[in-house]
Amino acid sequence: MQGTHAELSAHSPRWGAGNRRHEQGLPPGAQACITLTNRTGFLCHDQRSCIPASGVCDGIRTCTHGEDEDESLCRDVPQSLPHFLVAHCGDPASWIYSDQKCDGTNNCGDCSDELSPVTVCPPCGPGWWRCPSTFFKYCDCIPRHLCRDHVQHCSDWSDEYACPGP
């Protein structure tokens, strides 16, 4: 959902961060925002457009002036990214964009972006089914549309026998 507008509120940590980031060698306008999907984002220089963290340094200029692909931001990813855009996995050598934490998908490969002790995520949402150690792409919950699809997604097969479906 790239190119969404920022939700400018007390929950959007966008104030006063520019000068400190410039001192750290980051672009002076590198500020966090909250996307319309309630995820961490990058506030474009227009102070209105909030793009998802994973949209920064992805090779696509999403901000009007292209600051999301700025050389100083993208020269040595993830070290050159502002801390609010990066989340660390259980393996210290691995990282993901902060908007990929608690999204229901095993982005780290070891589920540390979805499960404690590394990450504390809210319980499964209404469109999800909780089941023990799922296989493949998901960690602790699977999308309900995968229930009763004749494919095992949960180790206990509850997605096929207990889940009420979508």
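# Exercises on disulfides and aromatic pairs

Cys 154 has a relative accessibility of 0% and therefore counts as buried. The exercises below concern a predicted model.

**Exercise 1. Describe the disulfide that Cys 154 belongs to, and place both cysteines in the chain.**

Step 1. The partner of Cys 154 is Cys 131, with an S to S distance of 2.0 Å. The cut-off for a disulfide is 2.5 Å, and the pair at 2.0 Å is joined.

Step 2. The torsion about the S-S bond of Cys 131 and Cys 154 is about -75°, so this disulfide is left-handed.

Step 3. Cys 131 sits in the loop between S7 and S8, whereas Cys 154 sits in the loop between S8 and helix H3 (158–161). The two are 23 residues apart, and the pair links distant parts of the chain.

Step 4. Cys 131 has a relative accessibility of 3% and so counts as buried. Cys 154, at 0%, is buried too.

**Exercise 2. How many disulfides does a search of the whole structure find, and which elements does the pair Cys 57 and Cys 74 tie together?**

Step 1. The search of the whole structure gives 9 disulfides.

Step 2. One of them is formed by Cys 57 and Cys 74, whose sulfur atoms are 2.0 Å apart. With a torsion of about -90° about the S-S bond, the disulfide of Cys 57 and Cys 74 is left-handed.

Step 3. Cys 57 belongs to the loop between strand S4 (49–52) and helix H2 (71–74), and Cys 74 belongs to helix H2, so the pair ties together parts that are 17 residues apart in sequence.

Step 4. Cys 74 has a relative accessible area of 22% and is partly exposed. The value falls outside the buried class because buried requires under 20%.

**Exercise 3. Work out the handedness, the placement and the burial of the disulfide between Cys 111 and Cys 139.**

Step 1. The sulfur atoms of Cys 111 and Cys 139 lie 2.2 Å apart, and the two residues form a disulfide.

Step 2. The torsion about their S-S bond is about -95°, so the disulfide of Cys 111 and Cys 139 is left-handed.

Step 3. Cys 111 is in the loop between strand S6 (95–97) and strand S7 (128–130), while Cys 139 is in the loop between S7 and strand S8 (141–143). The pair therefore ties together parts that are 28 residues apart in sequence.

Step 4. Both Cys 111 and Cys 139 are buried.

**Exercise 4. Classify the ring pairs Trp 95 with Tyr 97 and Trp 128 with Tyr 138.**

Step 1. The structure has 3 aromatic pairs. For Trp 95 and Tyr 97, the ring centres are 5.0 Å apart and the planes meet at 70°, so the pair is edge-to-face.

Step 2. Trp 95 is partly exposed at 26% relative accessibility. Tyr 97 has a relative accessible area of 11% and is buried.

Step 3. Trp 128 and Tyr 138 are 5.9 Å apart centre to centre, with 75° between the planes, and this aromatic pair is edge-to-face. Since planes over 60 degrees apart count as edge-to-face, the 75° of Trp 128 and Tyr 138 fits that class.

Step 4. Trp 128 lies in strand S7 and Tyr 138 in the loop between S7 and S8, so the pair ties together parts that are 10 residues apart in sequence.

Step 5. Trp 128 counts as partly exposed at 26% relative accessibility, whereas Tyr 138 counts as buried at 13%.

**Exercise 5. Which residues does Trp 95 touch, not counting residues up to four places away in sequence, and where is Trp 95 placed?**

Step 1. Trp 95 is placed in strand S6.

Step 2. With residues up to four places away left out, Trp 95 touches Val 77, Pro 78, Leu 81, Val 86, Ala 87, His 88 and Cys 89.

Step 3. Trp 95 and Cys 108 are 13 residues apart in sequence, and their C-alpha to C-alpha distance is 7.1 Å.

**Exercise 6. Is Thr 105 buried or exposed, and which residues is Thr 105 in contact with beyond its neighbours within four places in sequence?**

Step 1. Thr 105 is in the loop between S6 and S7.

Step 2. Its relative accessibility is 19%, so Thr 105 counts as buried.

Step 3. Apart from neighbours within four places in sequence, Thr 105 is in contact with Asp 113, Glu 114, Lys 137 and Tyr 138. Tyr 138 also forms the aromatic pair with Trp 128.

Methods
Residues are numbered from 1 along each chain as its sequence is written. This is a predicted model: local features need pLDDT of at least 70, side-chain atom pairs count only at pLDDT 80 or more; totals for chains, interfaces and linings use all residues. Side-chain values use heavy atoms; hydrogens and water are left out. Helices (H or I, at least four residues) and strands (E, at least two) are DSSP runs, numbered from the N terminus. Buried means under 20% relative accessible area, exposed over 50%, partly exposed in between (1.4 Å probe, protein chains only). Rings of Phe, Tyr and Trp (its six-membered ring) pair if their centres lie within 6.5 Å; planes under 30 degrees apart count as stacked, over 60 as edge-to-face and the rest as tilted. Contact means heavy atoms within 4.5 Å.
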